[in-house]
Amino acid sequence: MHDLIRDITLCILFAWGIGLIAHFFKQPLILAYLVAGFFIGPFGIGLVKSDESISTISELGLIFMLFMIGLEIDLKKIIRAGKVIVFAAGGQLIAGCILGAIFFMALGLKLGGGGFDALYLSVACALSSTVVIVKVLYEKRELDTLPGRITLGILVLQDIFAILFLAVQPSLADLQVGVIALSIARVGVLVATALILSRYVLPPLFHQIARRPELVLLGALAWCFLIGEIAERLHLSREMGSLVAGVSLSTFPYALDVTAKVTTLRDFFITLFFVAVGMTIPIPNGATIGLALVIALFTVVSRMLTTFTPLYLMKQGLRASLLPALNLAQISEFSLVVLQTGIAAGHITTQTASAASFAFVILAVLSTFAMMRSDQITRLLIGPMKRIGLHDLDHGQKTHEGDHAAGHGDARRIVILGFFRTASALLAEIERQNESLLDQISVVDFNPNVFRTLVGRGQHVIYGDISNVDTLVHAGVGNAEIIILSVPDSLLKGANNEKLVRHVRSINPKARIISTADVLGDVNDIYAAGADYVTVPRLCDAHALYEVIEAIDQGLLDAKRADMDAQLAERREVLP
């Protein structure tokens, strides 16, 4: 025990120190933790040598990591995901695993007969990193964009797939129908037990302790270890139990409170897990490095094929099909979990797991850079893709009047450049107050859902990227009388409102340009760029909130709400 405490101390100290260096160079912290583990482990300078310590640290970290992954799986979001995400994720996972099994078997890795290296690698390469993707999309403010929502939806379904694999993983050496059925039945008993207890027993208990943070934390930990122990008694793994414990709490009334309380502890044990994984990575030889590079290359190529293809076939357009493929082009931290369970079960060799860990590191670094520049990469790829015959949504599309929907200089008197919630509300307001004005409006945007919905409503829409000057010229912006820019800078890709106003003004010196500003300090700059009027959305929000306060003071809140409800009921927005 004394050695275990010393080893944990070393893990935390070196993880923190190398983490600071990674933060300075803007590298993923998981990479720092793996490097720290390698550095202090038996294959590094040997400060931690005990196999028992490494195993204990890894198991504790793994249990908490899976518990938190389970807490973050929102089953309601999966149900509401829609067919695009479901089919895209299904296509990506099934095709990815089949391609992986074929590819790695061709390399001479086993898929049975006591060895399952090809199977584990195919599963590991089919999963993408939630930590890397969410962090980058959050920093880029793309979580709520269409490609962002598709990416997150696929990630959630990947986690569900990993859960199913972990359920049958103990029976891989004896894959008979009866054995698989028994494993699934055991998982069913475990899930049913967890869901029943979390629905009928935990809520009253947590209601009593809701104001005692330390008891909420202890209750969450007790729940995690209880379901883990039940899983162990059912001949499943404690890791599987901790994942189910988290999933069963994801729709729990106090899930947000539990997550907030456990987050710090989660980060501590996740750090320990990745440091422990790093300690198991030997000094690579040429074969290991070669296999790691092959795994990394296969992951990128297969992800592009298996993610882009189903999205493109479902008519999401080139951009909305490419971006999720780029976002998902790395190996998941969950893959390391799967590989560690494979080593523990004797299904795969340490060399295979080490090569996959190196591939994880390589892709974590490269995909972070690629995701930060995904818009530029996408623009570079779309041109060649069109030249080889892949059509975008603007190909051959027609509006209700029979005109081509894009690229023919047919923009109308009023042009809305970029379509997000403000533009959606504007069209709904025009429809309510002066519907005939809709025939004088053109919309330019590259969201495929927006494009199809507007075309379906008979609205004139041009598919294109408003940050591209050629798009503005070919769309006929030079002939418009009123040009509206309502998308905030935080959501614009490759431009901002000031730059767009300059481009538009150079194309059309006479139009009235209405723009928007996120920050008050940008207003004068946008006017200087050539805008005729600049809106500041937060001023309108502030006015609306002040009216609500006045309504409360005058005892008219119910009437105010009834008026708002009536307005909402009659609106028919593209982006609800």
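This tour proceeds through the structure selection by selection, from the confidence of the model to its sheet, its cores and a few single residues.

**Confidence**

The structure is a predicted model. Colour the chain by pLDDT to begin: the mean is 83, and 91% of the residues reach 70 or more. Select strand β5, residues 512-516, which has the highest mean pLDDT among the elements of the chain, at 95. Then select helix α4, residues 75-79, where the mean is the lowest among the elements, at 59. Residues 397-409 come next; pLDDT stays under 50 over this stretch, although the model has 31 contacts for it beyond four places in sequence. Where pLDDT is low, the predicted coordinates should not be read in detail.

**The open sheet**

Show the strands. Six of them form an open sheet in the order β3-β2-β1-β4-β5-β6, and their pairing is parallel. The edges are β3 and β6 (533-535), each of which pairs on one side only. From one strand to the next, the twist averages 20°.

**Strand β2 and its partners**

Select residues 441-445, which make up β2. Is this strand largely enclosed or largely open to the outside? Five of its five residues are buried, so the rest of the structure largely encloses β2. To see the two faces, display the side chains: Ile 441, Val 443 and Asp 445 lie on one side, Ser 442 and Val 444 lie on the other, and all are buried.

Add β1, residues 414-417, which pairs with β2 in the parallel sense over four bridges. Two positions serve to align the pair: Val 415 stands opposite Ser 442, and Ile 416 stands opposite Val 443.

Now add β3, residues 460-463, which runs parallel to β2 and is joined to it by four bridges. Here Ser 442 stands opposite His 460, while Val 444 stands opposite Ile 462. Ser 442 thus has a facing residue in β1, namely Val 415, and another in β3, namely His 460. Both faces of β3 are covered as well: His 460 and Ile 462 on one side, and Val 461 and Tyr 463 on the other, are all buried.

**The helices that link these strands**

Select helix α19, residues 421-433, together with β1 and β2; the three make a right-handed β-α-β unit. Helix α19 lies across β1, β2 and β4 (482-485), and it runs at about 150° to β1. Another right-handed β-α-β unit consists of β2, helix α20 (residues 448-456) and β3.

**Gly 418**

Move to the loop between β1 and α19, where Gly 418 is found. With a relative accessible area of 2%, Gly 418 is buried. Which residues surround it? Leaving aside neighbours within four places in sequence, Gly 418 is in contact with Ala 423, Val 444, Asp 445, Ile 466, Ser 486 and Val 487. Val 444 and Asp 445 in this list have already appeared, on opposite sides of β2. A distance may also be drawn from Gly 418 to Leu 485: these residues are 67 apart in sequence and 6.7 Å apart in space, C-alpha to C-alpha.

**The nonpolar cores**

In soluble globular proteins, nonpolar side chains tend to be buried together. The largest nonpolar core of this model has 91 residues, and among them Phe 67, Phe 274, Ile 295 and Phe 334 touch the most other members. A second, separate core has 27 residues, including Val 415, Leu 500, Val 504 and Val 523. Val 415 is the residue already met opposite Ser 442.

Return to the largest core and centre the view on Phe 334. Not counting residues up to four places away in sequence, Phe 334 touches Met 65, Leu 66, Ile 69, Leu 127, Asp 159, Ala 162, Leu 166 and Leu 243.

**Helix α14 and the loop after it**

Select helix α14, residues 286-313, and within it Thr 288. Is Thr 288 buried or exposed? Its relative accessibility is 5%, so Thr 288 counts as buried. Beyond its neighbours within four places in sequence, Thr 288 is in contact with Gln 351, Ser 354, Ala 355 and Phe 358.

The last stop is Lys 315, in the loop between α14 and α15 (317-327). Its relative accessibility is 56%, so Lys 315 counts as exposed. The phi angle of Lys 315 is near 60°, a positive value in a residue other than glycine.

Methods. Residues numbered from 1 in each chain as written. Predicted model: local features only at pLDDT ≥ 70, side-chain atom pairs only at ≥ 80, totals over all residues. Heavy atoms only, no water. Buried < 20%, exposed > 50% of the residue type's maximum accessible area, 1.4 Å probe, protein only. Pairing = 2+ DSSP bridges. Right-handed = clockwise from strand over helix to strand, strands pointing away. Core = buried A, V, L, I, M, F, W, Y, C linked by side-chain atoms within 4.5 Å. Contact = heavy atoms within 4.5 Å. pLDDT = per-residue confidence, 0-100. Axes fitted to C-alpha atoms, helices over the stretch in contact; angles between N-to-C directions.
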